[in-house]
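Subject: Structure for your files

Hello,

Here is the structure I said I would pass on. Please open it alongside this message; my notes follow below.

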Amino acid sequence: MIYPWLQDNWSFLIRSLRQQRLAHALMIEGTAGTGKQRLSDALVALLLCTGVTDTDQDADAACGQCRSCELLSGGAHPDYFDIHPDEGKDVIRVDQVRQLIGSLHLTTSISQRKLACIHPAELMNIASANALLKSLEEPAGDAVLILVCNDPGRLPVTVRSRCQSIVVSQPDRISSIKWLEAQSGRSADVVQLALEAAGGSPVRALEYIESPDLDAFGKIRIALAKLLNHPGSASIVSQELIDLKPDDLWRWLSSCCAEAVRLTMTGSRTDWLPDSVSLNPRGLLDLQRQADINRKLSASSVRGDLLLQDWLIRWAEQVI
Ligand SMILES: [Zn+2]
C-alpha cells in the first residue's frame, strides 16, 4: 500500500513506466521516515511482476499473485538484489557493489529485468560509489537501480547526476495527524505526542504508537522539566535515562531543545516545560547541536553515561 502522501511520486513513476521513460537509475531521496523504502519496494515489485506488463494501462501495482510477486514477498527473488550495510555496520562496502554488478550481468531467471535497491545509499564509501558509476550510466541489460537516500549531499555529484531524482516530502502536520488517527485508532493526544517524538515523520510516529518507546519520550520530557526545577539532580536524572536507546535518546533531547527554543522565542507555553522558568535560547541552540553530535558519537566507543551527564548539567544551566 502506497502512503497517501507518496501518491504523486507513485503516479509519476507509473506514468514514466507506461510512456517507457522510466530511468534506469533512480534516486529516491528525502528525510528519514517518510516512506521512501515503501515507494522503492512497490516499484521493485511492479517492475519484476510477471502478471502485468509495463504498458498495461490498468495496472498501478504489482499483481501480488504471480511467481515473481510470491518470490519477492518471500525474500527469495533471484532477479532482485537488496544492498544494505551488514548488521551493526554503517558502510556499504565496495565488494558488495562489485558483487551486485557481477550479478546484474547474469541472465534473468523469472522476470523480464533485474532490480537492485541500495539503501541507505549515502552509506556507500568513495570506492563503492565509484564502482557503481558505470552501472548507473549504463546498467546491464534492462536492469533498474534504485538508490534510497536520506542525505544525498553525502554522495559524490558523479553518482547523483547519473540518477533521476524522486524527492519524497514529509506530509504536513494536519494530514499526518489525520492519517495517524485513522491508522491507529488512538486519541489525538497520543497521536500528537508520537508525531513530536518522531520529529514529524508519520511512519516513525506510527511505530512509536505501537511500542513502549513513546513512554520513553514522555519520560525524557518529565526528566528535563525536573532538572530545571532541581538543577542539582543531573546525576539522578542521568540514571533514569541511561537505559534508553542512544539514537532515540539523543534525537529526542535534540528535538526537546528545538521545541524549547521555539517556545522561548515565541513566548508560548507547553504542558511539559515549567511555566516558572525562562530559558536561554542561545544556550539551548548550542545544546541542540551538542545532542546531534552526541547521537553520532554514541555509535562509537565514547562513554554514553558521561556524555549524558555532562549534557544534562548544561541543560540545567539554561535557566535565566
Ligand atoms: Zn505479480
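**Helix H12 and its surroundings**

The buried residues of H12 pack against five partners: helix H8 (188-197), helix H10 (213-229), helix H11 (234-241), helix H13 (281-297) and helix H14 (304-316). Please keep in mind that this is a predicted model.

H12 itself covers residues 246-266, a run of 21 residues. From its first C-alpha to its last it reaches 30 Å, close to the 30 Å expected at 1.5 Å a residue. The residues of H12 that are buried are Leu249, Trp250, Trp252, Leu253, Ser254, Cys256, Cys257 and Ala260. After H12 comes Gly267, which has a positive phi, near 70 degrees.

**Domains**

The domain assignment splits the chain into domain 1 (4-167), domain 2 (171-211) and domain 3 (213-316). Between the centres of domain 2 and domain 3, taken over C-alpha atoms, the separation is 22 Å. Domain 2 puts 7 residues into the contact, and domain 3 also puts in 7 residues.

On the domain 2 side that touches domain 3, H8 and helix H9 (202-209) each supply at least two residues. H8 gives the most to that side, with 3 residues. By type, the residues on this side of domain 2 are 5 nonpolar and 2 polar, with no charged ones.

**Helix H9**

H9 is mostly covered, with 6 of its 8 residues buried. These buried residues are Pro202, Val203, Ala205, Leu206, Tyr208 and Ile209. They pack against helix H7 (173-184), H8 and H10. H8 and H10 are also among the helices that the buried residues of H12 pack against.

**One residue in helix H1**

Ile14 is found in helix H1, residues 7-18. Is Ile14 buried or exposed? Neither label applies: Ile14 counts as partly exposed because it has 19 C-beta neighbours inside 10 Å, and a residue needs 20 or more to be called buried. Ile14 and Ala45 are 31 residues apart along the chain, and their C-alpha atoms are separated by 12 Å.

That is what I have on this model for now.

Regards

Definitions and conventions:
Residues are numbered from 1 along each chain as its sequence is written. This is a predicted model: local features need pLDDT of at least 70, side-chain atom pairs count only at pLDDT 80 or more; totals for chains, interfaces and linings use all residues. Helices (H or I, at least four residues) and strands (E, at least two) are DSSP runs, numbered from the N terminus. The expected span of a helix is 1.5 Å times one less than its number of residues. A residue is buried if 20 or more other C-beta atoms lie within 10 Å of its own, exposed if 12 or fewer, and partly exposed in between; C-beta atoms are placed from the backbone. Two residues are in contact if their C-beta atoms, placed from the backbone, lie within 7 Å. Domain bounds come from an automatic or database domain assignment. Ala, Val, Leu, Ile, Met, Phe, Trp, Tyr, Cys and Pro count as nonpolar, Asp, Glu, Lys and Arg as charged, and the others, Gly among them, as polar.
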